[in-house]
Amino acid sequence: MGTSDNPLFAASIIGAIAGTVLLLAGLGWLVRRAARAVPRPRRPLLRLALTGLHRPGAQTVGLVVALGLALTLFVTLAAVQTSLSAEIDRAVPERAPDQFVLDIPATERARFEGLVRQTAPAADLNVVPNLRGTITAYGNTRVADLKALPDGAWFLRGERGVTYSPGVPKAARWSRAHGGRPIIAAGHSSRSTARRRKSSAWASAIA
């Protein structure tokens, strides 16, 4: 929690987990008390099973906690899956590519296109250039000199990949005749200019 970018959120998660464990432990204790209070059945098998829930050394509380946590995990996974499915259905257009192929070497583009045409002649193939690299600085600030990344600066972590085109964006602050070092302009919440180590590759979308 001390190294989290959002300590309050991390603390709430830890508190929720601790509260769930305590609730399940209390439920296990109630099951044990109820088993002790219930009249003993006449059938030996049922009487033995009921006695096993409250006898000294019985792991009733631990079993209830384990089963409860497992059920909670299944419910959480189901909720996450439902949320992801809903997000995909909402965000992905009706006509989306069936496959994405990344990091095709620029020298292998013609060979790749030939293989696709042999396998699926009617495929709608869209090949675009892809630049991969690490942001080393933005403005006059080196990323390596930062003790902690600014809020929302997820793009400064690790390697990133972007597509590009010959045209200059309308929001660019440099002209088409720019002959200096490689630069890139990022908009929205990441408005900055960054130097990137470039590697040439291609990405394709097949529909």
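**Helix packing and three residues, worked through**

Neighbours within four places in sequence aside, Thr-60 is in contact (heavy atoms within 4.5 Å) with Gly-28, Val-31, Arg-32, Gly-52 and Leu-53. This is a predicted model, in which local features need pLDDT of at least 70 and side-chain atom pairs count only at pLDDT 80 or more, while totals for chains, interfaces and linings use all residues. Residues are numbered from 1 along each chain as its sequence is written, and side-chain values use heavy atoms, with hydrogens and water left out.

**Exercise 1. Place Thr-60 in the fold and describe its surroundings.**

Step 1: locate the residue. Thr-60 belongs to helix α3, residues 60-91; helices (H or I, at least four residues) and strands (E, at least two) are DSSP runs, numbered from the N terminus.

Step 2: check the accessibility. Thr-60 has a relative accessible area of 5%, so it is buried (buried means under 20%, exposed over 50%, partly exposed in between, with a 1.4 Å probe and protein chains only).

Step 3: look at the side chain. From Thr-60 it reaches the backbone oxygen of Leu-53 at 2.5 Å.

**Exercise 2. Work out how α1 packs against α3, and which residues meet.**

Step 1: start from the geometry. Two packed helices are described by the angle between their axes and the distance between the axes. For α1 and α3 the angle is about 135 degrees and the axes are 8 Å apart. α1 is therefore oblique to α3. Here axes are lines fitted to C-alpha atoms, for helices over the stretch in contact, and angles run from 0 to 180 degrees between N-to-C directions; under 35 degrees counts as roughly parallel, over 145 as roughly antiparallel, 65 to 115 as roughly perpendicular and the rest as oblique.

Step 2: find the handedness. The crossing of α1 past α3 is right-handed (the near helix is turned clockwise from the far one by less than a right angle; anticlockwise would be left-handed).

Step 3: list the partners. On the α1 side are Thr-20, Val-21, Leu-24, Ala-25, Leu-27, Gly-28, Trp-29, Val-31 and Arg-32, and they meet Thr-60, Val-61, Val-64, Val-65, Gly-68, Leu-69 and Thr-72 of α3.

Step 4: sort them by class. This contact of α1 with α3 holds 10 nonpolar, 5 polar and 1 charged residues.

**Exercise 3. Repeat the analysis for α1 and α2.**

Step 1: take the geometry again. Helix α1 (residues 7-37) packs with helix α2 (residues 44-54) at an angle of about 135 degrees, their axes 8 Å apart. That makes α1 oblique to α2.

Step 2: find the handedness. α1 crosses α2 in a left-handed way.

Step 3: name the residues. α1 contributes Arg-32, Ala-35 and Arg-36, and α2 contributes Leu-50, Leu-53 and His-54. By class, the contact of α1 with α2 comprises 3 nonpolar, 1 polar and 2 charged residues.

**Exercise 4. Decide whether Leu-67 and Asp-103 are buried, exposed or partly exposed.**

Step 1: take Leu-67. This residue sits in helix α3, and its relative accessible area of 63% makes Leu-67 exposed. Leu-67 is 43 residues from Leu-24 in sequence, with 9.0 Å between their C-alpha atoms.

Step 2: take Asp-103. Its place is in strand β1, residues 99-104. At a relative accessible area of 42%, Asp-103 is partly exposed. Now check its backbone: Asp-103 has a positive phi of about 60 degrees, although it is not a glycine.

**Exercise 5. Summarise the whole chain.**

Step 1: the protein chain has 4 helices and 7 strands, in the order α-α-α-β-α-β-β-β-β-β-β from the N terminus.

Step 2: 18% of its 207 residues count as buried.

Notes. Nonpolar A, V, L, I, M, F, W, Y, C, P; charged D, E, K, R; others polar. Polar contact = N/O pair within 3.5 Å; in protein donor to acceptor, adjacent residues only side chain to side chain.
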